[in-house]
Amino acid sequence: MIGHVTQERYDQIVTRGRELVEFQTRSQFELGDLALEIEPMQPHGGAHPNQGEALFGVLESLQLFADDLAIPGKTLETHRWVASRWPAQRRRAGVPYYIHSTLASIRDDEERSLIPSRCGLRPR
């Protein structure tokens, strides 16, 4: 017994839990990708409007999107930043979002992408 369940039921619960973590990871990255579409990452100082063109500020655009989704603006900003540091082709299936998020601060793209698959998960 593990807690109040048999080993067999525990294994089923772990399998379902991993599916949910993968779904959560995909959702967080997709929110970041959508935020990047609205406001791509810019060099320091950001974009500058053409003459006669108003530019909605990055933070204002992201906050509007976050408000429309009923999520905190800072959460959306984080998802955007993590998605920018982990383009789709470098994301690792089976590795939770929080690990991608933790490693996003590594400046070197190649070094950052060296995380092993199933990082942070106990082998089954």
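These legends accompany close-up views of a predicted model.

**Overview. The chain is built from five helices and zero strands.**
Along the sequence the elements follow the pattern α-α-α-α-α. The chain has 124 residues, and buried residues make up 24% of them. Among contacts with a separation of 6 or more, 50% link residues 24 or more positions apart. The accessible surface is about 8600 Å². Carbon and sulfur atoms hold 56% of that surface.

**View 1. Helix H1 runs from residue 7 to residue 38.**
H1 has 32 residues. At 1.5 Å a residue, H1 should therefore span 46 Å. The C-alpha atoms at its ends are 47 Å apart, which agrees with that expectation. Seven names make up its buried set: Val14, Thr25, Gln28, Phe29, Gly32, Ala35 and Leu36. The cover over these buried residues includes helix H2 (58-69), helix H3 (73-85) and helix H4 (97-103).

**View 2. H1 packs against H3 at an angle of about 90°.**
The two axes lie 7 Å apart. Angles of 65 to 115 degrees count as roughly perpendicular, so H1 is roughly perpendicular to H3. On the H1 side, the contact is made by Gln28, Phe29, Leu31, Gly32, Asp33, Ala35 and Leu36. On the H3 side, Leu76, His79, Arg80, Val82, Ala83 and Ser84 take part. Several H1 residues of this contact are also buried, including Gln28, Phe29, Gly32, Ala35 and Leu36.

**View 3. Glutamate 19 and arginine 16 form a salt bridge within H1.**
The count for the model comes to six salt bridges; this pair is one of them. The N to O distance is 3.1 Å. Glutamate 19 and arginine 16 are three residues apart in H1, about one turn of the helix. An α-helix has 3.6 residues a turn, so residues three or four places apart point the same way. Glutamate 19 has a relative accessible area of 43%, so it is partly exposed. Arginine 16, at 45%, is partly exposed too.

**View 4. A salt bridge in H1 joins glutamate 22 and arginine 26.**
Here the N to O distance is 3.9 Å. The cut-off is 4 Å, so this pair counts as a salt bridge. Glutamate 22 and arginine 26 are four residues apart in H1, and therefore separated by about one helical turn. Glutamate 22 is partly exposed, with a relative accessible area of 24%. The value for arginine 26 is 46%, again partly exposed. Side chains of opposite charge can pair when their charged atoms come close.

**View 5. Lysine 74 and glutamate 77 pair within H3.**
The closest N and O atoms of this salt bridge are 3.7 Å apart. Three residues separate the partners in H3, which means about one helical turn between them. How exposed is each partner, lysine 74 and glutamate 77? Lysine 74 has 62% relative accessibility and counts as exposed, because the cut-off for exposed is over 50%. Glutamate 77 has 23% and counts as partly exposed.

**View 6. Alanine 70 sits in the loop between H2 and H3.**
Alanine 70 has a positive phi of about 60°. Yet this residue is not a glycine. Its relative accessibility is 70%, so alanine 70 counts as exposed.

**View 7. Serine 105 lies in the loop between H4 and H5.**
Which residues does serine 105 contact, leaving aside its neighbours within four places in sequence? They are Trp81 and Arg85. Serine 105 and tryptophan 81 are 24 residues apart along the chain. Their C-alpha atoms are separated by 9.7 Å.

**View 8. Serine 113 belongs to the segment after helix H5 (109-112).**
Is serine 113 buried or exposed? Its relative accessible area is 18%, and buried means under 20%, so serine 113 is buried. Leaving aside neighbours within four places in sequence, serine 113 is in contact with Trp86, Arg90 and Arg92.

Terms used: Residues are numbered from 1 along each chain as its sequence is written. This is a predicted model: local features need pLDDT of at least 70, side-chain atom pairs count only at pLDDT 80 or more; totals for chains, interfaces and linings use all residues. Side-chain values use heavy atoms; hydrogens and water are left out. Helices (H or I, at least four residues) and strands (E, at least two) are DSSP runs, numbered from the N terminus. The expected span of a helix is 1.5 Å times one less than its number of residues. Buried means under 20% relative accessible area, exposed over 50%, partly exposed in between (1.4 Å probe, protein chains only). Contact means heavy atoms within 4.5 Å. A salt bridge is a side-chain nitrogen of Lys or Arg within 4 Å of a carboxyl oxygen of Asp or Glu. Accessible areas come from the Shrake-Rupley method with a 1.4 Å probe; for residues, only the protein chains shown count as cover. Axes are lines fitted to C-alpha atoms, for helices over the stretch in contact, and angles run from 0 to 180 degrees between N-to-C directions. Angles under 35 degrees count as roughly parallel, over 145 as roughly antiparallel, 65 to 115 as roughly perpendicular and the rest as oblique.
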